[in-house]
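I opened my notebook to walk through this model one topic at a time. Here is what I looked up, in the order I went.

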Amino acid sequence: MATSSERVIGIDLGTTNSCVAIVENGVPTVIPNRGGYKTTPSMIAVTEAGKRLVGHIAKRQAITNAENTVYAAKRLIGRKWSSPQVRNAVATSSYRIVEGPHQDVRIVLREKEYSVAEISAMVLQEMKVIAEDYLGEPVTKAVITVPAYFNDNQRKATKDAGEIAGLDVIRIINEPTAAALSYGYGRNIEKIVAVYDFGGGTFDISILEIGGNGVFKVIATAGDTFLGGEDVDARIIDWLVQGFREEHNIDLRQDRMALQRLKDAAEKAKCELSSVRETEVNLPFIISSGRNEALHLQRSIDRQTLEELSADLIERTVDICRQTLEDARLDKDEIEEVLLVGGMTRTPKIQMAVQGFFEREPSKGVHPDECVALGAAVQGMALLDQSQQMILLDVTPHALGIMTQGGYFEELIPQNTTVPTHRQKIFTTSRDNQTAVKILVMQGESERADENELLGEFILTGLRRAPKGQVEIEVTFEINADGIVSVRAKDLETAKEQSIDVTASSGLTRDEVQKMVSSAKDQLVERRSTEEFEAAKQEAERLVGEIERLFPQVEQIVASSDFGRDAIEKARAILEKARNAVKRHDLVAVKEQVEGLSRTHRMFRGVVAKKN
């Protein structure tokens, strides 16, 4: 638990953009990056020289360095190599995705493999640096948000990413819940609200009850962790690729740079069509033909075409909303406010679909890009300050249970159960003379166990030999406030017990995480050193320029005296030393020369001012 002297930042680690916030003097505040932007692209790149780039600078070079620039890594975090979502990403991404040593996902940049948690850590580290630059002090504690429908492995991988970035992640909270915290904080309201969160990579819907006494209770949540603005972009790309193929019989997907240009153009067109009816995609020299003839792509796309291309995606979100209302056992008219979260909710068609389904105009009470980070900061403050009257009651987004005879999934804790919680169920042996049972702990919604996520397994031994069905085993599931799942199995006859704390896997071992933590620290030290040198270099070059500008006047004024000639020679020597220090990339020497240059500059200005 954080102490009162520590700061806790809230981070929205987004698929497309990320955002960091803090509560200052009771006011949740988004922290702008060095460029003054409230959000930072969740993109990283590695240059030919091996330098890491994060955010806007990575995005600006994405087209010329497509194979070594990563976007939408969040869609891969915590996933197994065998998942269909990963297969989709392998086929459509401009960067290389390969299988890792633990059936996990790795990304290859400049011939080096990175885990997805490591890539996400680079973005989180950037958020940490942005906060530290703003606050003027180190920051270690953070609350990080994840899509409500993330499973345990995805949450664990996000927490690992935070650790690699040098953060102590004191809580992982759901994005729609964070948005509701941002909306309800400091307001004495009692409402049932629906949070429709359609972002760059994921879709969530959460229904919450906000109490006037500072209680935020999640009633139901659902979503799709592979449904977002990236999929709308993909539809536009498909439309452009198909049109170009029909015209030139060339598949632009075979060229990584062309694919990255298409991605940029698709995202730009999608955003523009939220405010205009038609826009043009114009990509000159997109590719060369077989006759070495430069070909151009130029097509107009209107809002109606975009709406037709994405209609089924929007309908999927509405279907999930419908199911979530049923799970919450609520009617539409019981929802008093609908909050729109995520960049995709700026789309007119989506706003119309939400209004049509909930039969009320959505609220403009939260900023779609900033409210999640603000809510995370509010949660961080509440964990920091025990005097804050705020209670957050969340739910488990997926059902938990065990695999039973025949490969079926037996649910013990249903989806949308408020945590902390515990449930028990009695099972029997499935074979005659069975002396041991293997307990396979699963998470998911399918009746078939193999379609759900395996979280862990253990064996209860020493059962008495008896005909099948006669030995009773009590299985207990428990989830604490931090979402840690504990499972116990007990032989009711002998009271013999076996248990397991289910630790989700991010696909990384502890040793790998620790190595990545050290590497990230080294990278940050190197980056801080580079930034410090660049700042000192700029100041030295500014002073050198100013002194050189004043030199002719000073020489004229003081050349007649021995003292003046001596001062001129000393000034020349200082200028030479400063230039050499900059050439050598010697930070200590540059800082020393800046002091000498400052004194010389003041003296030169004094001489000129006295003469005038």
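Before counting anything between strands, I noted my rule: two strands pair if DSSP finds at least two bridges between them. I also reminded myself that this is a predicted model.

**Entry 1: strands 13, 14 and 15**

I began with strand 14 and looked at its partner on the C-terminal side. Strand 14 and strand 15 (residues 215-224) run antiparallel, joined by eight bridges. Within that pairing I found Glu209 opposite Lys217 of strand 15. The two strands make a hairpin with four residues between them, and Gly214 in the turn has a positive phi of about 85 degrees.

Then I turned to strand 13 (residues 191-198), which is antiparallel to strand 14 and joined to it by eight bridges. Here Asp197 stands opposite Asp204 of strand 14. Strand 13 and strand 14 also form a hairpin, with four residues between them.

How many residues of strand 14 are buried? I got seven of its eight, so I wrote down strand 14 (residues 203-210) as mostly covered, taking buried to mean under 20% relative accessible area.

**Entry 2: the open sheet**

Next I looked up a sheet of four strands. The sheet is open, its order is 21-20-23-24, and the pairing is antiparallel. Which strands stand at the edges? They are strand 21 (408-413) and strand 24 (453-460); each has a single partner strand, so one side of each is left without a neighbour in the sheet. On average, neighbouring strands of this sheet are turned by 30 degrees against each other, direction ignored.

I followed one pair in detail. Strand 20 (residues 400-404) pairs with strand 21 over five bridges, in the antiparallel sense. One bridge to strand 21 links Thr404 with Tyr408.

**Entry 3: Thr417**

From strand 21 I moved on to Thr417, which lies in the loop between strand 21 and strand 22 (421-428). Is Thr417 buried or exposed? Its relative accessible area is 9%, so I recorded Thr417 as buried. Leaving out neighbours within four places in sequence, Thr417 is in contact with Asp394, Val395, Thr396 and Arg423.

**Entry 4: cysteines**

I searched for disulfides and found zero in the structure. Cys321 is in none; the nearest cysteine sulfur is that of Cys371, 16 Å away. For Cys371, the closest cysteine sulfur is in Cys19 at 9.2 Å, and that is too far for a bond because a disulfide needs the two sulfur atoms within 2.5 Å. I checked burial as well: Cys321 has 2% relative accessibility and counts as buried, and Cys371 counts as buried at 1%.

**Entry 5: helix 13**

Does the length of helix 13 agree with the expected span, or disagree? Helix 13 (residues 587-611) has 25 residues, which at 1.5 Å a residue should span 36 Å; the end C-alpha atoms are 36 Å apart, so the two agree. I also listed buried residues of this helix, among them Leu587, Val590, Val594, Leu597, His601, Phe604 and Val608.

**Entry 6: domains**

Last, I copied the domain assignment of the protein chain: domain 1 (8-228 + 314-384), domain 2 (229-310), domain 3 (400-502) and domain 4 (510-611). What separates the centres of domain 1 and domain 3? Taken over C-alpha atoms, the answer is 33 Å. The two domains do touch: twelve residues of domain 1 are in contact with ten residues of domain 3.

Methods. Residues numbered from 1 in each chain as written. Predicted model: local features only at pLDDT ≥ 70, side-chain atom pairs only at ≥ 80, totals over all residues. Heavy atoms only, no water. Buried < 20%, exposed > 50% of the residue type's maximum accessible area, 1.4 Å probe, protein only. Axes fitted to C-alpha atoms, helices over the stretch in contact; angles between N-to-C directions. Expected span 1.5 Å × (residues − 1). Domains from an automatic or database assignment. Contact = heavy atoms within 4.5 Å.
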